[in-house]
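Q: I've just opened this structure and I'd like to learn how to read it. Could we take it step by step, beginning with what the words for surface and interior stand for?

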Amino acid sequence: MRQSLIMGNWKMNGNRESSKTLCEAIIAGLGDGNGAEIAICVPYVYLSDLQTLTSNSPLALGAQNVANQESGAYTGEVSASMLKEFGCKYALVGHSERRSYYGDTDESVAERFCQAQKQGLIPVLCIGETLEEREQGKTFHVVNTQLDAVIAKAGLAAFANAVIAYEPVWAIGTGRTASDEQAQEVHQAIRERISAQDATIAENLQILYGGSMKADNAKGLLAMPDIDGGLIGGASLDAQSFLKIYHSI
Ligand code: PEP
């Protein structure tokens, strides 16, 4: 049975004080937990503070990106080994904001995925179509292409230690969520594509939904058979909203 995973993506929000307050409030509200995993992907500069706060808690830390190279002359990048030093368990790769604003390509996303795994981080591969692509009936083609680029570089076996987040671009930060059925349809297709190559890996793979997941729509999405959790942006910036999603599992 796959464990559920609720993951926050704070993006470029907050400040040093507010990030600590938010982290503490999440930990305080977890109680004894509910058996699901929970994590926050935070700005790099707050990792040190939050490593201290989360170290004896069930709340795991993640980064929002990771360099596609191991080390060297790559100004502005942060390597996977650096993230490990600061207690990261996860690193997002290929978030749509990285792909659309910063030029991350399928190829560089695959490299980032491999770098993360090489250092023992769990990459969270974000894939998803734009509204235009959905309207043109290209959803499965887009998602398959993004997925296949990583499989080609990392190998299918790498997905034994990775997470996929299906995030339709049209649902991210827009308040417009995929319906439970729309999301399930794509999640199932992703799992079937992997299952065609390795049924065990597919069966154990956590596939998260992301895109305007909130306390009031989480329950339905999380009840779908191939949705194993959520990647949550806006609603993860408020401890009570984030915790409500977590407790709705
Ligand atoms: C995200 O950034 O991954 C995301 C899903 O954002 P939001 O929940 O705000 O749509």
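A: Happy to. A residue is called buried when its relative accessible area is under 20%, exposed when it is over 50%, and partly exposed in between. Keep in mind that what you see is a predicted model.

Q: Let's try that on one residue. Is Ser212 buried or exposed?

A: Ser212 has a relative accessibility of 9%, which is under 20%, so it counts as buried. As for its place, Ser212 sits in the loop between β7 (206-210) and α10 (215-222).

Q: What about the backbone there? What is the phi of Ser212?

A: First the general idea: most residues other than glycine have a negative phi. Ser212 is not a glycine, yet its phi is positive, at about 55 degrees. Lys11 is another case, with a positive phi near 55 degrees. You'll find Lys11 in the loop between β1 (5-9) and α1 (16-30).

Q: Now the ligand. Which residues come nearest to it?

A: To read a binding site, look at who surrounds the ligand, then at the atom pairs. There are 14 residues around the ligand, and Lys11, Glu167, Gly173, Ser212 and Gly234 come nearest. Sorted by class, this shell holds 4 nonpolar, 8 polar and 2 charged residues.

Q: And the atom pairs? Which part of Lys11, Gly173 and Ser212 lies by the ligand's oxygen atoms?

A: Check whether the protein atom belongs to a side chain or to the backbone. With Lys11, a polar side-chain atom lies 2.7 Å from a ligand oxygen atom. With Gly173, a backbone N or O atom is 2.6 Å from an oxygen atom of the ligand. Ser212 also uses a backbone N or O atom, 2.7 Å from a ligand oxygen. As for cover, the ligand on its own has 300 Å² of accessible area, and the protein covers 97% of that.

Q: Let's move to the interior. Which residues touch the most other members of the largest nonpolar core?

A: The general idea is that in soluble globular proteins, nonpolar side chains tend to be buried together. Here the largest nonpolar core has 65 residues, and Ile26, Ile40 and Phe159 touch the most other members. Helix α11 (residues 239-247) gives the largest share of this core, 5 residues. Apart from it there is another core of 14 residues, including Leu5, Ala39, Val124 and Leu231.

Q: What is Ile40 in contact with, beyond its neighbours in sequence?

A: Skip the residues within four places in sequence and look at what is left. For Ile40, the partners include Gly8, Trp10, Cys23, Ile26, Leu50 and Phe242.

Q: Where does Ile38 lie, and what does it touch?

A: Ile38 is in strand β2 (residues 37-42). Its relative accessible area is 3%, so Ile38 is buried. Among the residues that Ile38 touches, beyond four places in sequence, are Leu5, Ile6, Ile26, Leu30, Phe242 and Tyr246. You can also compare sequence with space: Ile38 and Ile26 are 12 residues apart in the chain, and their C-alpha atoms are 9.8 Å apart.

Q: How many residues apart along the chain are Ile245 and Ile38?

A: They are 207 residues apart along the chain, with 11 Å between their C-alpha atoms. Ile245 belongs to helix α11, and it is buried because its relative accessible area is 0%. Its contacts outside the local stretch include Ile6, Met213, Ala218, Leu222 and Ile232.

Q: Glycine has no big side chain to look at, so let's just ask: where is Gly230, and is it buried or exposed?A: Gly230 is in strand β8 (residues 229-232). With a relative accessible area of 0%, Gly230 is buried. Gly230 touches residues including Leu5, Ile6, Leu208, Tyr209 and Leu222, not counting those up to four places away in sequence.

Q: One last pair. In which helices are Thr54 and Thr139 found?

A: Thr54 lies in helix α2 (residues 47-54), while Thr139 is in helix α7 (residues 139-154). Thr54 is buried, at a relative accessible area of 7%, and Thr139 is buried as well, at 5%. Leaving out residues up to four places away in sequence, Thr54 touches Cys23, Ile27, Leu59 and Leu61. For Thr139, that same reading gives Glu129, Glu133, Arg134, Tyr166 and Val186.

Technical notes:
Residues are numbered from 1 along each chain as its sequence is written. This is a predicted model: local features need pLDDT of at least 70, side-chain atom pairs count only at pLDDT 80 or more; totals for chains, interfaces and linings use all residues. Side-chain values use heavy atoms; hydrogens and water are left out. A residue is near a molecule or strand if one of its heavy atoms lies within 4 Å of it. A polar contact is a pair of N or O atoms within 3.5 Å; within protein, one must be able to donate a hydrogen and the other to accept it, and residues adjacent in sequence count only if both atoms are side-chain atoms. Accessible areas come from the Shrake-Rupley method with a 1.4 Å probe; for residues, only the protein chains shown count as cover. Ala, Val, Leu, Ile, Met, Phe, Trp, Tyr, Cys and Pro count as nonpolar, Asp, Glu, Lys and Arg as charged, and the others, Gly among them, as polar. A nonpolar core is a set of buried Ala, Val, Leu, Ile, Met, Phe, Trp, Tyr and Cys residues joined through side-chain atoms within 4.5 Å. Buried means under 20% relative accessible area, exposed over 50%, partly exposed in between (1.4 Å probe, protein chains only). Helices (H or I, at least four residues) and strands (E, at least two) are DSSP runs, numbered from the N terminus. Contact means heavy atoms within 4.5 Å.
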